[in-house]
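This report looks at the fold of one protein chain and at the pockets on it. Please keep the sequence and the model in view while reading.

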Amino acid sequence: MPTNTTNTANTASTASTSTSRTVDLAGGLALTIEEYGVNSDGSAVLLLHGGAGPRTMAGLATALSEHVYAIVPTHPGFDGTPRPEWADSVADLAVAYLDLLDTLDLTGVMVIGNSLGGWIAAEMALRDTRGRIGALTLLNAVGIHAHMKKNAVVDPRTLAPAEVSKLSFANAAFRPDFSSFSDEQRAAAAANQKTMAIYGGDAFTHDPKLRGRLHRVTVPVLVAWGEQDGIAPLTYGRGYADSFPNGHFAPIPEAGHFPHIEQMGRTLGAIGAFVDTVMKPDEAA
């Protein structure tokens with residue numbers, strides 16, 4: 001759930017282009033989305049970022065757009081976007097993104113969420129009364145309460161930015177150099193952190209009751225986890241997967257809190273195997 005890695009120089013460089021637009025939703029919410037690929041069949045992948053911002057999902061969205069229409073929203077309040085006063089919880093974001101799927105008339109959507117985005121994805125699945133979601137992929141997600149203290153998610157607010165970065169990335173080459181940040185970049189990161197705190201609520205990293213509700217999620221769920229995550233440990237990820245009736249766990253070696261950045265190929269491989277063996281086994285046969 002790190003909030004201080006906004007400018008990680010890591011989102012895979014690509015030749016593909018994306019387009020940005022604003023979608024007006026209920027309650028006066030003007031949602032900024034980035035679209036990759038073409039909506040050709042009314043399906044999509046919806047990629048939800050964590051505290052490090054929407055740019056952390058750009059590389060994965062671009063890679064997936066070779067096969068499917070991909071959407072990356074910016075959580076209201078992040079990167080200078082407007083946030084209505086009523087939008088102050090993960091549940092509010094979950095409902096807003098279900099409204100987005102309704103507005104775009106998308107079905108069979110795979111919701112992919114990293115860190116906070118994974119928490120939002122789980123809350124979406126609990127509220128999806130119109131059958132918009134076909135599957136979830138949680139990438140080092142937060143949101144559930146750890147049964148054992150040693151498995152608890154680290155609260156990044158208690159750490160210096162450099163320490164958060166060290167815990168987040170297995171490979172030092174991916175860690176941002178905060179000393180190089182401009183005043184504008186520092187201000188943007190601080191503003192994102194304040195927005196993150198609003199959505200996280202009192203517990204910040206989890207909803208104490210969420211784990212007990214996940215047995216009601218009926219869609220298949222892939223929980224892919226960077227094995228060397230110092231923020232949300234591997235055992236926490238296994239517990240997350242076990243909380244779903246149709247949960248599947250895939251450890252990603254040589255990766256931390258952002259496996260889709262440090263190990264893009266392995267992450268895509270895990271998603272592909274999940275689609276072939278769990279979501280569409282007849283087509284793979």
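In what order do the strands of the open sheet stand, and is the pairing mixed or not? In this predicted model, 8 strands form an open sheet in the order E1-E2-E4-E3-E5-E6-E7-E8, and the pairing is mixed. Strand E1 (18-25) and strand E8 (247-252) each have a single partner strand and stand at the edges, so one side of each is left without a neighbour in the sheet. From one strand to the next, the twist averages 25°.

**Pairing within the sheet**

The edge strand E1 runs antiparallel to strand E2 (residues 29-36), to which 8 bridges join it, and within this pair Ser20 stands opposite Glu34 of E2. The hairpin of E1 and E2 has 3 residues between the strands, and Gly27 takes a positive phi near 75° there.

Strand E3 (residues 45-48) and strand E4 (residues 70-73) pair in the parallel sense over 2 bridges, with Ala70 in E4 as the bridge partner of Val45. At the other edge strand, E8, the pairing with strand E7 (residues 221-226) is also in the parallel sense and extends over 6 bridges, and Gly226 stands opposite Ile252 in E8. Together with helix H6 (residues 234-242), the strands E7 and E8 make a right-handed β-α-β unit.

**Overall dimensions**

The secondary structure of the protein comes to 9 helices and 8 strands, and the C-alpha trace spans about 50 × 40 × 40 Å along its principal axes. A compact globule of 285 residues would have a radius of gyration near 19 Å, and the 17 Å found for the protein agrees with this.

**Pockets**

The two pockets described here are set side by side in the table, with their volumes and the classes of their lining residues.

| Pocket | Volume | Nonpolar lining | Polar lining | Charged lining |
|---|---|---|---|---|
| Largest pocket | about 410 Å³ | 12 residues | 5 residues | 2 residues |
| Second largest pocket | about 190 Å³ | 5 residues | 2 residues | 4 residues |

Which residues lie nearest the centre of the largest pocket? Of the 19 residues that line this pocket, Val45, His67, Val68, Val275 and Lys280 lie nearest its centre. Val45 is thus a lining residue of the largest pocket as well as the bridge partner of Ala70 in E4. Strand E5 (109-114) and helix H8 (264-279) each supply at least two residues of the lining, and the largest share, 5 residues, comes from H8.

The second largest pocket is lined by Ala125, Leu126, Arg127, Asp128 and Thr129, by Ile133, and by Arg213, Arg216, Val217, Thr218 and Val219. Helix H3 (residues 116-127) gives the most to this lining, with 3 residues. By class, the lining of the second largest pocket has 4 charged residues beside 5 nonpolar and 2 polar ones, whereas the lining of the largest pocket has 2 charged residues beside 12 nonpolar and 5 polar ones.

How values were computed:
Residues numbered from 1 in each chain as written. Predicted model: local features only at pLDDT ≥ 70, side-chain atom pairs only at ≥ 80, totals over all residues. Heavy atoms only, no water. 1 Å grid on protein atoms, 1.4 Å probe; cavity = no way out; pocket = protein on both sides within 12 Å on 5 of 7 lines; lining within 4 Å. Points joined across faces, edges and corners; volume = space filled by probe spheres on them. Helix = DSSP H or I, 4+ residues; strand = E, 2+ residues; numbered from the N terminus. Nonpolar A, V, L, I, M, F, W, Y, C, P; charged D, E, K, R; others polar. Pairing = 2+ DSSP bridges. Axes fitted to C-alpha atoms, helices over the stretch in contact; angles between N-to-C directions. Right-handed = clockwise from strand over helix to strand, strands pointing away. Rg over C-alpha atoms; globule rule 2.2 N^0.38 Å.
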